[in-house]
Structures are given as structure tokens and as C-alpha cells.
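This report describes selected local features of one protein chain, with attention to helices, salt bridges and residue contacts. The sequence and the structure are shown below.

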Amino acid sequence: MQSYSYIRDFEELGFGMFVHFGLYSVLGKGEWAQHVHKIPPERYEQTVKRFRVDKNWARELIKTAKDASAKYINITTRHHDGFSLYDTQGLSDYDSLHSACGRDLIAEFVQACNDGGIVPFFYHTLLDWHNPDYKNDFPKYIDYLVNSVEILCRNYGKIGGLWFDGMWDKPNENWQQDRLYGIIKKYQPTAMIINNTGLSELGKVGHIMIDSVTFERGKPAYADNSDRPRAGEMCQVLNDHWGYAAHDCNYKSVKELVENLVDCRKYNCNFLLNTGLRGNGKVNPTDKCILAEVGKWVKANKDFVYGVKCADIAAENADVLTDGQYYYAVIKDVVMTADPNVTKEGVIKKIVVHSDKKIQNAVWLDTLAPVSVQNNILYAEPFAYCTSLSVRVARFMLK
């Protein structure tokens, strides 16, 4: 019988960072810049002459991920513009080695991940605006795609998985998925296979070999495990662009992003939070700050998010997760104030835990201070511990 333990390993990672990086990063207009702004291919492709990447970019990226408390990074090895951040070994000269950068950036990324204890994942486009075979000779294009993926699976050591995107562009074509996914398992038997189903088909499986369904900027839900074990993953963007967009300041709040993370874990899904690197490989300072604030919340709550899953009990006004030993009641919108004159009347949240067993040893994770409990009701009073936002976690046991 086939072992799917690697899927459980993926679920225990819990929280990852998505990274969009490519030629479009130089333009600072988002990852679809060539398409949206109707830039002629011959002009867009000249961007390779301006693609100069800082030598320390990968190490700094790993530090940002660790500050955010992310356990894995999924990076765009090739996006829809067809430009590759890795050595395509003669398949194409449209790669980072033939740019002003002149280096294999994925090799640098993987080395930095391995040094920093971060699991590397590879995003790879399925559609391609650069390769003419995508429009003119699709079977030949599939050969190119499979050979590209084989390079990634063969030459960079152990990876966490491959994350595909773009099959929705040609839903009626023969993508030869058995062949594509088979080459992954040949070289990386424990790599996750993920294919983004897009905004219109959230949570759809699509193929028997898919290891995790996706929820792009949508509400997560339980994965379909009817035929075999599967994980789920929701990807989210900090503002409105996946790739770096210099003038996009429509950022989500840290509170909203933390609540997204909690919602994912409630449905046994991972959370994949995106940043778009600048053209030199640097993380945008605003992105770096927001990611660090999310990480501050995770660390303040003792990193409980990684190994948890939905609990077998419910509670009013809270989501309950468990790691098998403890239960965690995640309570949103707890009043936070540093003003001792704020009245508690009417703002204390009551968390009724539905269980025949009794709550014991209840503490707030961020301070380890006792939680007020009476008759299996947790009382969330106004508090002045700013690190936790207004999303607090009560840890307890049932006996």
C-alpha cells in the first residue's frame, strides 16, 4: 500500500511564504505586466538586460521567511512570461543565466533554504507567453514543459513539491498529466504535487495524483479525501498584486492575515502568504514589516499553528484546534486596550465549550496567565498585551 506520510509532513508545516519573482519584478507593475499593459514581446524581453540580482537576495529572503514564522517557501521558477530563474540547460536561452544577472537563482535559493531550515517548493507555470509551441504545436510544448520540470526535480536536491499554475488557460487540451506528474515522482517520490485550480474551481482535485487542493484567495474548506489522502492550501496576497507593484498600497491588515491563517488551520489547510520581490531580489520593506508582524503573533502564541488540526469538539465564539494533547480555542475580536478605565461590562466574550469532559489547565498562550473558567465557559476579558492583536488563543485540556 502506498504511503502518504509526506502529505502529513506537509500539513504540519502549516504556514508557508509564496514568492513571485521574475523579469516583471524589474518593471514593478505586477506579474501580469506584459499581458495587462500589452507590452510587445520584443520590448518586454529586453528586460533581461536590466535583471541584476543582489548576491545576498536568497539569504535575506530566508531571514524574512523565518521572521514571518513560515516553514516553507514556494518560489516562481518560471511564470507565465516564460522566463526561468534556473539553468534550463539548453532548452531555452530565456533564463537567468542569459540575463544581466548571469546566475542560477534557483540554485542559490535552494542552498539558502537548506542552510536556513526552510523547505523549498517550486512554482512552475503551465501556460507560456514566450514559447511559440504553446500556441502552434502543443504536444511539442508539453515535451518542453516536462523536460523543464525534470531539470528542477533532478538537479536541486530534495524539494518539498511542485506547484503548477495555468492549466485553466487551456482546459480542453491534453496536458499529459500522467507523464508530467510521473517525472516528478521518478526523481522526488515524496514531493507534493499541487495544481492551482484558479478562482473559479476552488478545492477541485482535477487528477488522481494531486496531493493538495488549492483555495486561491478564497475561503478554505476540507480537502476531498474520498479516494486517497489529500491536503489543502489557501494562497493569499498581501495587497492586490502577486508580483511586485511599486504603487500598490492596498495592503491587508495583520489582523486579517492572522485570521486567514487560523481559518486555514481550522480546515486542516496550510496558509501560503505571498510577497513579490523587487527586481534586485529584495523584499519590499512594507511586505517585510507586515510579514514580521504576522510572525510576531505566531511566536507569541508559541508556534501552535504548525501541528494542529480541527478538533472533535466545538465551541461558541471560537474555533477549536488540537495537537492531540492540548486544545486551542482561537478567539477573534477580543477587546484590547491599555486603558485601565475601560469597562469590562458588555465586552467580555464567553466561549462555551461543548464537551462532557471538564476544562482544566486553561491558560492564554501569549502570556501563560490563567484563563477565567466556569462550567466549561472560557471568559475572554479586555486585555493590554499588544502582541496578540485581538486574536487570542486559550490552551486547555479536557479530563
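## Helices, salt bridges and contacts

Just after helix α10, N268 takes a positive phi of about 60°. This value, like every other in the report, comes from a predicted model.

**Helix α10.** The helix covers residues 254-266, 13 residues in total. From its first C-alpha to its last, α10 reaches 18 Å, close to the 18 Å expected at 1.5 Å a residue. The helix is mostly covered, with 10 of its 13 residues buried. Among the buried residues of α10 are the hydrophobic-named positions V254, L257, V258, L261 and V262. The buried set also includes E259, N260, D263, C264 and R265.

**Helix α11.** This helix covers residues 285-300 and has 16 residues. Its reach from first to last C-alpha is 22 Å, close to the 22 Å expected at 1.5 Å a residue. The buried residues of α11 are D287, I290, L291, V294, G295, W297, V298 and A300. They pack against two helices, α5 (57-68) and α10, and against the strands β1 (15-20), β8 (269-276) and β17 (392-398). Just after α11, K302 takes a positive phi of about 60°.

**Salt bridges.** The structure holds 19 salt bridges. Three of them are listed here with the separation between N and O.

| Salt bridge | N to O distance | Separation in sequence |
|---|---|---|
| D143 and R179 | 2.8 Å | 36 residues |
| D211 and R228 | 2.3 Å | 17 residues |
| K332 and D319 | 4.0 Å | 13 residues |

Each pair is taken in turn below.

The side chains of D143 and R179 meet in a salt bridge. This pair links distant parts of the chain, with D143 in helix α8 (residues 138-155) and R179 in helix α9 (residues 177-187). D143 is partly exposed, with a relative accessible area of 33%. R179 also counts as partly exposed, because its relative accessibility is 34%.

D211 forms a salt bridge with R228. The two residues belong to distant parts of the chain: D211 lies in the loop between β5 (192-196) and β6 (212-216), and R228 in the loop between β6 and β7 (231-237). D211 counts as buried because its relative accessibility is 0%. R228 is buried as well, with a relative accessible area of 8%.

The third pair joins the side chains of K332 and D319. It too links distant parts of the chain, K332 being in the loop between β12 (327-331) and β13 (349-354) and D319 in strand β11 (residues 319-322). Salt bridges that share partners join D263, K266, D319 and K332 into one network. D319 counts as buried, since its relative accessibility is 16%. Leaving aside neighbours within four places in sequence, D319 is in contact with V262, D263, K266, Y328, A329, V330 and K332. Of these contacts, V262 and D263 are among the buried residues of α10.

**Packing of α8 and α9.** Two packed helices are described by the angle between their axes and the distance between the axes. The axes of α8 and α9 come within 9 Å and cross at roughly 15°. The two helices are therefore roughly parallel to each other. The crossing of α8 past α9 is right-handed. On the α8 side, the contact is made by I142, D143, L145, V146, V149, E150, C153 and R154. On the α9 side, R179, L180, I183, I184 and Y187 take part. D143 and R179, the partners of a salt bridge, thus both appear in this contact.

Helix α9 also holds D178, which counts as exposed because its relative accessibility is 56%. D178 and I208 are 30 residues apart in sequence and 9.2 Å apart in space, C-alpha to C-alpha.

**Surroundings of S84.** Is S84 buried or exposed? At 0% relative accessibility, S84 counts as buried. The residue is placed in the loop between β2 (72-78) and α6 (105-116). Not counting residues up to four places away in sequence, S84 touches T77, R78, Y94, D95 and S96.

Conventions
Residues numbered from 1 in each chain as written. Predicted model: local features only at pLDDT ≥ 70, side-chain atom pairs only at ≥ 80, totals over all residues. Heavy atoms only, no water. Expected span 1.5 Å × (residues − 1). Buried < 20%, exposed > 50% of the residue type's maximum accessible area, 1.4 Å probe, protein only. Axes fitted to C-alpha atoms, helices over the stretch in contact; angles between N-to-C directions. Parallel < 35°, antiparallel > 145°, perpendicular 65-115°, else oblique. Left-handed = near helix turned anticlockwise from the far one by under 90°. Contact = heavy atoms within 4.5 Å.
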